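Biologist: Please place the model before us, so that we may examine its parts one at a time.

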Amino acid sequence: WGVAADGSERQRESVRVKERAMGEEEATRDFYEVLGVSRSATDDEIRSAYKKGAIRWHPDKNRHQEDLAAEKFKELSTAYAVLSDAAMRRKYDLNGLEGLEEVDLSKVEIDISSLGTMGNVVASLFSQLGVLNVKSRVSQSVLDSAGSRDLKTTELKFNDPISSTVRKNSAHFYKVQVTREDVESGFCVFCKSPSSRFKVLLFHKGESRGEEVSDIKIQEDSTLLGKQGNVAGIFFFDFPTYSLGQPPSTIATAKDPEAALFRRLETLEPRDTCSIQPGEHVFAVYGDNFLKSSTYTIELLRQADYKDEAMKIKVLEEELVKRRQIVCEFEQQYRQAQQQYQLALQRYEAETKHLDKVLGAREKQYGALTSKKEPKTDQGGGLRSLFGFRG
């Protein structure tokens, strides 16, 4: 879950992003009303309501209103993501939507595996309706496995890539051993896939009530990087790297064609990172495809072995951050120019109508410059009349 930065301006920007992601009408709707349940509804009742809503807004039943179906399903999924998460639901119950200001609702996550046989239907809806910003949550079974003392891991070594296929809602765990020199010089765990969605996870082990537990310290969701396919990585470089979500959907660009530019860098944000100590660490690749297994290649890379590439990435990341600000400022100028253009078009139409009216009136008045009497016809005509000849 994304966390908003401090400061009133950042909070206002968070609200603006939230409203764009959810829609102004949706942002004011009560999540319980969206799902059609009472505020005292149980988890099972909330889950059941979400399943019914998913069936109701299935694309096969809404071919005549696909845009509306996409919006309704997104609304349902956002409501379910909040109310199915105990901590999120408590915040929402206490303070409503305002209580969730620190949460980026454009990144809501749903545990597909918890929906049973309906999981495939919901996954299909995600794909068909293009609701790609609603992500799957790591299944509880994977979290339980990570905390097991009998966890099976594969050793991942530097510059020794491993390719494999992981089932949906499952994970492959990797043991990574790093030295103090590795930590100081920088390294990353980088994963690629030609077409599959996945997550890269870093686990943190600790103790709770005398028992060893494991939770996710960093989660990086794969994003489509052009011809490179889907990529994700957890970086411990000496400079910040950034993740960039998918470009605006066809639905968004249909409503606002300029979104292709102005919303393109809206999802640019620093990747999560943390301090890391020398020793053994557990990473994982989680199958995030909705309907099938994920094929991937994972690597452990030292920053020192890719000095030139790392330096170029640093420069490009810095350029992207600058470009985002430039595009943001340009949007304001563009919108103002667009408004002026619309006013100019209205002026053009008004001036055209006024000119046509004046020209029409002018034509009419020139036509009125004539005697009411019928003109005489010169029977003699020609030179004979001019020189006085008769007969």
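Biologist: Does C274 count as buried, exposed or partly exposed?

Modeller: This is a predicted model, in which local features need pLDDT of at least 70, side-chain atom pairs count only at pLDDT 80 or more, and totals for chains, interfaces and linings use all residues. Residues are numbered from 1 along each chain as its sequence is written, and side-chain values use heavy atoms, with hydrogens and water left out. Buried means under 20% relative accessible area, exposed means over 50%, and partly exposed lies in between (1.4 Å probe, protein chains only). C274 has 23% relative accessibility, so its class is partly exposed.

Biologist: How many disulfides does a search of the whole structure find?

Modeller: A disulfide is a covalent bond between the sulfur atoms of two cysteines. Here the criterion is a pair of cysteine sulfur atoms within 2.5 Å. Searching the whole structure with it gives a number of disulfides equal to 0.

Biologist: Why is helix α5 described as largely enclosed by the rest of the structure?

Modeller: Helices (H or I, at least four residues) and strands (E, at least two) are DSSP runs, numbered from the N terminus. Helix α5 covers residues 66-83. It is largely enclosed because, of its 18 residues, the number buried is 13.

Biologist: Which are the edge strands of the open sheet?

Modeller: The open sheet has 5 strands in the order β4-β14-β6-β10-β9, with antiparallel pairing. Two strands pair if DSSP finds at least two bridges between them. An edge strand pairs on one side only, and this applies to β4 (162-166) and β9 (223-224).

Biologist: Which residue in β14 is the bridge partner of S163?

Modeller: Strand β14 spans residues 294-302 and runs antiparallel to β4, to which 5 bridges join it. In β14, the partner of S163 is T297.

Biologist: Is T223 buried or exposed?

Modeller: T223 belongs to strand β9. Among the residues that T223 touches, leaving aside those up to four places away in sequence, are V231 and L244; contact means heavy atoms within 4.5 Å. The relative accessible area of T223 is 16%, so this residue is buried.

Biologist: Which residues have the most contacts inside the largest nonpolar core?

Modeller: A nonpolar core is a set of buried Ala, Val, Leu, Ile, Met, Phe, Trp, Tyr and Cys residues joined through side-chain atoms within 4.5 Å. The largest one has 23 residues, and the strands that each supply at least two of them include β4, β13 (279-287) and β14. Those with the most contacts inside this core are L156, V285 and I298.

Definitions and conventions:
The expected span of a helix is 1.5 Å times one less than its number of residues.
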